[in-house]
Amino acid sequence: MPAVDAEADREAGTPDAVWLPAPVLGALVEEAGRAAPEEACGLLVGSRAAGGFRITRRVACDNMAPSAMRLRRFEIDPRRVIEEERALRGSAEGVIGFYHSHPEGLPIPSGVDRDYMALWPDAVWVIVGAVGGKPGVRAWRNDEGGPGGVRELEVARHSEKTPESEATG
């Protein structure tokens with residue numbers, strides 16, 4: 001995963017943003033809807049850009065949490081992360097983060113989410129929430145100096161085509 005210096009970003013006054021193409025955003029929301037009432041989860045592939053993260057595609061992963069816990073928890077098999085990193089070797093992209101859903105909650109990191117974020121401090125975390133059937137998408141990253149140990153990132157949606165959208169037509 002590309003190195004990120006959160007302290008340098010803050011000192012430079014550079015607001016972190018997540019560039020999220022419309023086809024990827026749509027795929028995240030659709031996947032969250034299909035997985036409900038369980039949490040959907042997966043990897044975010046892209047690159048670190050000046051001031052933020054540029055996501056180009058998502059890789060859906062099975063929720064490996066015990067079945068009784070999948071309504072409120074997710075787990076991604078670490079081997080899946082390693083496989084994707086190996087597949088991306090030599091490219092300009094990498095696994096830059098993770099996504100998951102809160103099927104009946106706001107897209108705000110839970111205590112468990114914050115624990116995961118602390119383990120992957122350089123990653124971007126996109127959460128798809130749904131309250132009253134209306135999806136919401138927000139992005140976060142670990143920030144030990146921030147409130148609750150996290151910092152919200154601006155989600156910049158754009159209509160740029162991605163390899164994922166090209167493959168699906």
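**Cores and ring contacts in a predicted model**

The largest nonpolar core comprises 18 residues, and those with the most contacts inside it are Val18, Leu20, Leu28, Ile55, Val124, Val126 and Ala139. Two or more residues of this core are given by each of the elements β1 (17-21), α2 (22-35), β3 (52-61), β4 (94-102), β5 (124-131), β6 (134-142) and β7 (150-158). The largest share, four residues, is supplied by α2. Apart from this core lies another, of 17 residues, which includes Val59, Val95, Phe98 and Met117. In soluble globular proteins, nonpolar side chains tend to be buried together. These descriptions, like those that follow, refer to a predicted model.

One residue of the largest core may be followed in more detail. With neighbours within four places in sequence left aside, alanine 139 is in contact with Val18, Val124, Trp125, Val126, Arg151, Glu152, Leu153 and Val155. Val18, Val124 and Val126, which appear in this list, are also among the core residues with the most contacts inside the core.

The aromatic residues offer a second view of the interior. The structure holds three aromatic pairs. In one of them, phenylalanine 98 and tryptophan 125 are tilted, with 4.8 Å from centre to centre and 35 degrees between the planes. Because phenylalanine 98 lies in strand β4 and tryptophan 125 in strand β5, the pair ties together parts that are 27 residues apart in sequence. Phenylalanine 98 and tryptophan 125 are both buried. Ring pairs also bring in Trp120, linking Phe98, Trp120 and Trp125 into a cluster.

Two further rings have an arginine over the face. Arginine 48 is placed over the face of phenylalanine 53, at 4.9 Å from the ring centre. Arginine 54 lies over the face of tryptophan 19, at 4.7 Å from the ring centre.

These local features belong to a protein chain whose secondary structure consists of five helices and seven strands. Along the sequence, the helices and strands follow the pattern α-β-α-β-β-α-β-α-β-β-β-α. Of the 169 residues of the protein chain, 46% count as buried. Considering contacts between residues at least 6 apart in sequence, 67% join residues at least 24 apart. The surface exposed by the protein chain is about 8600 Å², and carbon and sulfur atoms supply 53% of this area.

How values were computed: Residues are numbered from 1 along each chain as its sequence is written. This is a predicted model: local features need pLDDT of at least 70, side-chain atom pairs count only at pLDDT 80 or more; totals for chains, interfaces and linings use all residues. Side-chain values use heavy atoms; hydrogens and water are left out. A nonpolar core is a set of buried Ala, Val, Leu, Ile, Met, Phe, Trp, Tyr and Cys residues joined through side-chain atoms within 4.5 Å. Buried means under 20% relative accessible area, exposed over 50%, partly exposed in between (1.4 Å probe, protein chains only). Contact means heavy atoms within 4.5 Å. Rings of Phe, Tyr and Trp (its six-membered ring) pair if their centres lie within 6.5 Å; planes under 30 degrees apart count as stacked, over 60 as edge-to-face and the rest as tilted. A charge sits over a ring if NZ of Lys or CZ of Arg is within 6 Å of the ring centre and within 35 degrees of the ring normal. Accessible areas come from the Shrake-Rupley method with a 1.4 Å probe; for residues, only the protein chains shown count as cover.
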